[in-house]
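Welcome! Below are some short exercises, each followed by a worked solution. Please look over the sequence and the structure, then try each task before reading on.

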Amino acid sequence: MTDKEFEIQFDNMMRRRRDEMREKYNRVLPSGEYIFNRFDKAPYLNCGEGSSIYDSSVVMGDVIVGDKVWIGPYTLLDGSAAELRIGNFVSIDSGVMIYTHDSTKHYVSGGIEPFQKGKVTIGDCTVIGTSTMVGCNVSIGNHCVVGANSFVNKDVPDNTIVAGIPARKIGYVVVAEDGAVEFIYE
C-alpha cells in the first residue's frame, strides 16, 4: 500500500467514525479519541475495573486509579515525583491538572530552593471540577466536591465542598443511609 492509499483509507475511516459519533452522541472529538478507546487506555495503565481515561489525558509516573473512575479529556495526572492515588467512583473533570511536585520556588530562587515534592490522594466518591489544579502534598477526602477552576493547595476533609483560588470550604456533603446526597452551602 502506498502512502497515498493509506492516507485515503485513513481519512475515510476517520470521516466514518466522526459521522457515527456525531449521529449517535452529537459530539465531535479530537482525532485520537476515534482511534483509541478510553476504556482500553485505563486497563493499559492498570486502573481499576470500569475506569476510563481519554486519549488526550497525560499520565506520568506513579499514578494509581481505583474502580469506576472517569478521567476526562485534556487532564494531566503527574505522579512523577511521588505517588498519585485516586480512589473509587471519582470524577476527574476535563482540564484538571494534578501534580506531585512544584518547581515555583526553585525557579524564583534561581535554582537555590529545591523542587517541592509530595504524595497526592483523592478519596472515594469525589468530584474534581473542570480546570482545577491540585498541588503536591495534598489529600482530598471521601465524598468531596471541588468546584471548577479551583486551586487546591491544602488538605480537604471528608464530606467537604471547596472552591476558589486558593480553594476554601464553601459547604459540606451529607450522604444519607440510603445513599441520597445533599449539598449544604455556608
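Let us begin with the pockets, and keep in mind throughout that this is a predicted model.

**Exercise 1. Find which helix gives the most to the lining of the largest pocket, and describe that pocket.**

Solution.
- Step 1: Start with the contribution. Helix 1 gives the most to the lining, with five residues.
- Step 2: Add the volume. The largest pocket comes to about 390 Å³.
- Step 3: Look towards the centre. The lining has 15 residues, and the closest to the centre of the pocket are Met21, Tyr25, Leu29, Glu33 and Tyr34.
- Step 4: List the elements that give two or more residues to this lining: helix 1 (3–25), helix 2 (31–35) and helix 3 (38–44).
- Step 5: Sort the lining by character. Eight of its residues are nonpolar, one is polar and six are charged.

**Exercise 2. Name the residues that line the second largest pocket, and sort them by character.**

Solution.
- Step 1: Take the volume, which is about 160 Å³ for the second largest pocket.
- Step 2: Walk along the chain to collect the lining: Tyr99, His101, Asp102, Ser103, Thr104, Gln116, Met133, Gly135, Cys136, Phe151 and Asn153.
- Step 3: Sort the lining residues of this second pocket. Four are nonpolar, six are polar and one is charged.

**Exercise 3. Trace the order of the eight strands in the open sheet, and find its edge strands.**

Solution.
- Step 1: Follow the sheet across. Its order is 1-3-5-10-13-15-16-17, with mixed pairing.
- Step 2: Find the edges. Strand 1 (52–53) and strand 17 (181–185) each pair on one side only, which makes them the edge strands.
- Step 3: Recall the general rule that strands of a sheet pair through backbone hydrogen bonds, either parallel or antiparallel.
- Step 4: Examine strand 1. Two bridges connect it with strand 3 (residues 70–71), and the two strands run parallel. Across this pairing, Ile53 stands opposite Ile71.
- Step 5: Move to strand 17. Strand 16 pairs with it in the antiparallel sense over five bridges. Here Tyr172 has Ile184 in strand 17 as its bridge partner.
- Step 6: Look at the turn. The hairpin of strand 16 and strand 17 has five residues between the strands, and Gly179 in this hairpin takes a positive phi near 95°.

**Exercise 4. Decide whether Ser51 is buried or exposed, and work out what its side chain reaches.**

Solution.
- Step 1: Place the residue. Ser51 sits in the loop between helix 3 and strand 1.
- Step 2: Compare with the cut-off. Ser51 has a relative accessible area of 3%, and buried means under 20%, so Ser51 is buried.
- Step 3: Trace the side chain. From Ser51 it reaches the backbone nitrogen of Lys68 at 3.3 Å and that of Val69 at 3.0 Å.
- Step 4: Look at the surroundings. Beyond residues up to four places away in sequence, Ser51 touches Arg38, Phe39, Ala42, Val65, Gly66, Asp67, Lys68 and Val69.

**Exercise 5. Say why Ser91 counts as buried, and why Asn159 counts as partly exposed.**

Solution.
- Step 1: Ser91 belongs to strand 5 (residues 91–92). Its relative accessibility is 19%, which is under 20%, so Ser91 counts as buried.
- Step 2: The side chains of Ser91 and Asp93 share a polar contact of 2.6 Å. Setting aside neighbours within four places in sequence, Ser91 is in contact with Trp70, Thr126, Val127 and Ile128.
- Step 3: Asn159 lies in the loop between strand 14 and strand 15. At 26% relative accessibility, it falls between the cut-offs of 20% and 50%, so Asn159 counts as partly exposed.
- Step 4: Outside its neighbours within four places in sequence, the contacts of Asn159 are Asn142, His143, Cys144, Tyr172, Val173 and Val175.

**Exercise 6. Find where the cis peptide bond is, and which residues other than glycine have a positive phi, with Cys125 and Asn149 as the cases to check.**

Solution.
- Step 1: The cis bond joins Ile165 and Pro166, with omega about -10°. Pro166 is in the loop between strand 15 (160–163) and strand 16 (168–175).
- Step 2: Cys125 has a positive phi of about 55°. Its place is the loop between strand 9 (120–122) and strand 10 (127–128).
- Step 3: Asn149 has a positive phi near 60°, and is found in the loop between strand 13 (145–146) and strand 14 (151–152).

Methods
Residues are numbered from 1 along each chain as its sequence is written. This is a predicted model: local features need pLDDT of at least 70, side-chain atom pairs count only at pLDDT 80 or more; totals for chains, interfaces and linings use all residues. Side-chain values use heavy atoms; hydrogens and water are left out. Helices (H or I, at least four residues) and strands (E, at least two) are DSSP runs, numbered from the N terminus. Buried means under 20% relative accessible area, exposed over 50%, partly exposed in between (1.4 Å probe, protein chains only). A polar contact is a pair of N or O atoms within 3.5 Å; within protein, one must be able to donate a hydrogen and the other to accept it, and residues adjacent in sequence count only if both atoms are side-chain atoms. Contact means heavy atoms within 4.5 Å. On a 1 Å grid over the protein atoms alone, a cavity is a set of points where a 1.4 Å probe fits but cannot get out, and a pocket is an open set with protein on both sides within 12 Å along at least five of seven lines; lining residues have an atom within 4 Å of a point. Grid points are joined across faces, edges and corners, and a volume is the space filled by probe spheres set on the points. Ala, Val, Leu, Ile, Met, Phe, Trp, Tyr, Cys and Pro count as nonpolar, Asp, Glu, Lys and Arg as charged, and the others, Gly among them, as polar. Two strands pair if DSSP finds at least two bridges between them.
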